[in-house]
Amino acid sequence: MKAVVKYDNVPGAVELREVPEPERVPPGKVLLRVRAASVCGSDVHAWQHKASWRMNVPLILGHEFCGTVEAVGEGVTGVRVGERVACETAAWVCGACVYCRSGLYNVSPCRKGYGALVDGAFTRYVIA
(Lines give C-alpha, C1' and ligand atoms only; values in the text may rest on other atoms or scores of the structure.)
Protein backbone atom coordinates (compact mmCIF):
# COMPACT_ATOMS: atom_id res chain seq x y z
CA MET A 1 0.00 0.00 0.00
CA LYS A 2 1.13 3.58 -0.56
CA ALA A 3 2.02 5.80 2.40
CA VAL A 4 3.43 9.27 3.07
CA VAL A 5 6.64 8.47 4.94
CA LYS A 6 9.15 10.64 6.79
CA TYR A 7 12.33 8.69 6.14
CA ASP A 8 15.03 10.78 7.83
CA ASN A 9 15.35 13.47 10.47
CA VAL A 10 16.31 16.23 8.04
CA PRO A 11 14.19 18.90 6.27
CA GLY A 12 12.25 17.66 3.24
CA ALA A 13 12.74 13.95 3.96
CA VAL A 14 9.13 12.94 3.17
CA GLU A 15 8.02 10.89 0.19
CA LEU A 16 5.33 8.54 -1.09
CA ARG A 17 6.50 4.96 -0.48
CA GLU A 18 5.20 1.44 -0.79
CA VAL A 19 4.75 -0.14 2.67
CA PRO A 20 3.38 -3.56 3.66
CA GLU A 21 -0.27 -3.94 4.62
CA PRO A 22 -0.82 -5.24 8.16
CA GLU A 23 -1.07 -9.04 8.07
CA ARG A 24 -2.69 -9.56 11.47
CA VAL A 25 -4.41 -7.55 14.16
CA PRO A 26 -2.68 -7.82 17.56
CA PRO A 27 -4.77 -8.63 20.65
CA GLY A 28 -6.47 -5.55 22.06
CA LYS A 29 -6.18 -3.64 18.76
CA VAL A 30 -8.32 -3.00 15.68
CA LEU A 31 -7.51 -2.61 12.01
CA LEU A 32 -8.91 0.65 10.64
CA ARG A 33 -9.37 1.40 6.97
CA VAL A 34 -8.58 5.10 6.63
CA ARG A 35 -11.44 6.94 4.94
CA ALA A 36 -10.21 10.52 5.49
CA ALA A 37 -7.10 12.13 6.94
CA SER A 38 -6.24 15.79 7.20
CA VAL A 39 -2.94 17.62 7.09
CA CYS A 40 -2.11 19.27 10.40
CA GLY A 41 0.58 21.79 11.27
CA SER A 42 2.46 18.91 12.93
CA ASP A 43 2.71 17.18 9.54
CA VAL A 44 4.15 20.35 8.02
CA HIS A 45 6.60 20.61 10.92
CA ALA A 46 7.66 16.99 10.31
CA TRP A 47 8.23 17.72 6.61
CA GLN A 48 10.28 20.83 7.45
CA HIS A 49 11.98 18.97 10.33
CA LYS A 50 10.83 21.57 12.84
CA ALA A 51 8.93 19.21 15.15
CA SER A 52 9.65 19.65 18.85
CA TRP A 53 10.38 15.91 19.23
CA ARG A 54 12.77 13.46 17.57
CA MET A 55 10.73 11.24 15.27
CA ASN A 56 11.28 7.51 14.94
CA VAL A 57 12.00 7.14 11.23
CA PRO A 58 10.89 5.76 8.89
CA LEU A 59 7.40 6.80 10.02
CA ILE A 60 4.04 7.13 8.27
CA LEU A 61 2.67 10.63 8.91
CA GLY A 62 -0.93 11.64 9.68
CA HIS A 63 -2.69 11.81 13.02
CA GLU A 64 -6.08 13.41 12.31
CA PHE A 65 -8.23 10.75 10.69
CA CYS A 66 -11.37 8.68 10.57
CA GLY A 67 -12.23 5.33 9.07
CA THR A 68 -14.07 2.06 9.34
CA VAL A 69 -13.24 -0.97 11.44
CA GLU A 70 -11.97 -3.74 9.13
CA ALA A 71 -10.94 -6.32 11.75
CA VAL A 72 -10.97 -6.66 15.52
CA GLY A 73 -8.19 -8.24 17.57
CA GLU A 74 -8.71 -10.73 20.36
CA GLY A 75 -10.14 -9.19 23.52
CA VAL A 76 -11.55 -6.07 21.88
CA THR A 77 -15.08 -5.16 22.94
CA GLY A 78 -17.33 -2.19 22.27
CA VAL A 79 -16.54 -1.89 18.56
CA ARG A 80 -17.48 -4.07 15.59
CA VAL A 81 -16.41 -4.62 11.99
CA GLY A 82 -17.96 -2.05 9.67
CA GLU A 83 -18.38 0.60 12.36
CA ARG A 84 -17.31 4.15 11.45
CA VAL A 85 -14.87 5.76 13.89
CA ALA A 86 -12.91 8.94 14.45
CA CYS A 87 -9.50 8.14 15.89
CA GLU A 88 -7.90 9.78 18.90
CA THR A 89 -4.43 11.14 18.13
CA ALA A 90 -2.88 9.33 21.10
CA ALA A 91 -1.84 5.91 19.83
CA TRP A 92 -0.50 4.83 23.23
CA VAL A 93 -0.44 6.17 26.78
CA CYS A 94 0.95 4.50 29.89
CA GLY A 95 -2.20 4.91 32.00
CA ALA A 96 -0.03 5.03 35.12
CA CYS A 97 1.51 8.51 35.37
CA VAL A 98 -0.24 11.40 37.09
CA TYR A 99 -1.23 12.94 33.73
CA CYS A 100 -2.81 9.74 32.40
CA ARG A 101 -4.57 8.97 35.69
CA SER A 102 -6.05 12.48 35.86
CA GLY A 103 -7.32 12.48 32.26
CA LEU A 104 -4.58 14.75 30.92
CA TYR A 105 -2.91 12.01 28.85
CA ASN A 106 -2.48 14.48 25.97
CA VAL A 107 0.33 16.21 27.91
CA SER A 108 1.90 13.05 29.32
CA PRO A 109 5.59 12.61 28.48
CA CYS A 110 4.94 8.90 27.85
CA ARG A 111 2.31 9.56 25.15
CA LYS A 112 3.00 8.20 21.67
CA GLY A 113 1.00 9.87 18.93
CA TYR A 114 0.03 8.64 15.48
CA GLY A 115 2.25 10.19 12.83
CA ALA A 116 4.71 11.36 15.48
CA LEU A 117 6.07 8.26 17.25
CA VAL A 118 3.75 5.56 15.85
CA ASP A 119 2.80 5.03 12.18
CA GLY A 120 -0.05 7.32 11.22
CA ALA A 121 -2.90 7.55 8.76
CA PHE A 122 -1.49 8.83 5.46
CA THR A 123 -1.97 5.32 4.10
CA ARG A 124 -4.77 2.75 3.63
CA TYR A 125 -4.76 0.87 6.98
CA VAL A 126 -3.84 1.73 10.57
CA ILE A 127 -3.55 -0.57 13.57
CA ALA A 128 -5.26 1.24 16.46
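What follows is a tutorial dialogue on reading a predicted model of one protein chain.

User: To begin with the fold, how many helices and strands are in the chain, and what pattern do they follow along the sequence?

Analyst: In this predicted model, the chain holds two helices and nine strands. Read from the start of the sequence onward, the order is β-β-β-α-β-β-β-β-α-β-β.

User: How does the radius of gyration relate to that of a compact globule?

Analyst: The idea is to set the value for the chain beside the one expected from its length. A compact globule of 128 residues would have a radius of gyration near 14 Å, and because the chain has 15 Å, the two agree. The C-alpha trace spans about 40 × 40 × 20 Å along its principal axes.

User: What share of the residues counts as buried, and how much of the accessible surface belongs to carbon and sulfur atoms?

Analyst: Residues that count as buried make up 32% of the 128 in the chain. The accessible surface comes to about 7,500 Å², with 52% of that area belonging to carbon and sulfur atoms. As for charge, the chain carries 15 positive and 12 negative charges, whose mean positions are 4 Å apart.

User: Which share of the contacts joins residues at least 24 apart in sequence?

Analyst: If one takes the contacts between residues at least 6 apart in sequence, 62% of them join residues at least 24 apart.

User: Turning to single residues, is Thr123 buried or exposed, and what does its side chain meet?

Analyst: A residue is called buried when its relative accessible area is under 20%. Thr123 has a relative accessible area of 12%, so Thr123 is buried, although its place is in the loop between β8 (112-113) and β9 (125-127). A polar atom of the Thr123 side chain lies 2.8 Å from the backbone oxygen of Lys2. Leaving out residues up to four places away in sequence, Thr123 touches Met1, Lys2, Ala3, Val19, Val34 and Ile60.

User: In strand β5, which residues does Thr68 touch, and which residues are in contact with Gly67?

Analyst: Thr68 lies in β5, which runs over residues 64-72, and the place of Gly67 is in that strand as well. Thr68 is buried because its relative accessible area is 11%, and Gly67 counts as buried at 4%. With residues up to four places away in sequence set aside, Thr68 touches Leu31, Leu32, Arg33, Arg35, Gly82, Glu83 and Arg84. With such neighbours likewise set aside, Gly67 is in contact with Arg33, Val34, Arg35, Glu83, Arg84 and Val85. The side chain of Thr68 also makes a polar contact of 3.4 Å with the side chain of Arg35. For Gly67 and Lys112, which are 45 residues apart in sequence, the distance from C-alpha to C-alpha is 20 Å.

User: Where should one look for backbone geometry of interest in the loop between α1 and β4?

Analyst: Most residues other than glycine have a negative phi, and most peptide bonds are trans. His49, in the loop between α1 and β4, has a positive phi, near 60 degrees. With a relative accessible area of 32%, His49 is partly exposed. Pro58 has its place in the loop between α1 (41-48) and β4 (59-60), and the peptide bond that joins Val57 and Pro58 is cis, with omega about 0 degrees.

Key
Residues are numbered from 1 along each chain as its sequence is written. This is a predicted model: local features need pLDDT of at least 70, side-chain atom pairs count only at pLDDT 80 or more; totals for chains, interfaces and linings use all residues. Side-chain values use heavy atoms; hydrogens and water are left out. Helices (H or I, at least four residues) and strands (E, at least two) are DSSP runs, numbered from the N terminus. The radius of gyration is taken over C-alpha atoms; the globule rule is 2.2 Å times the number of residues to the power 0.38. Buried means under 20% relative accessible area, exposed over 50%, partly exposed in between (1.4 Å probe, protein chains only). Contact means heavy atoms within 4.5 Å. Accessible areas come from the Shrake-Rupley method with a 1.4 Å probe; for residues, only the protein chains shown count as cover. Lys and Arg count as positive and Asp and Glu as negative; His and the chain ends are not counted. The place of a charge is taken as NZ of Lys, CZ of Arg, CG of Asp or CD of Glu. A polar contact is a pair of N or O atoms within 3.5 Å; within protein, one must be able to donate a hydrogen and the other to accept it, and residues adjacent in sequence count only if both atoms are side-chain atoms.
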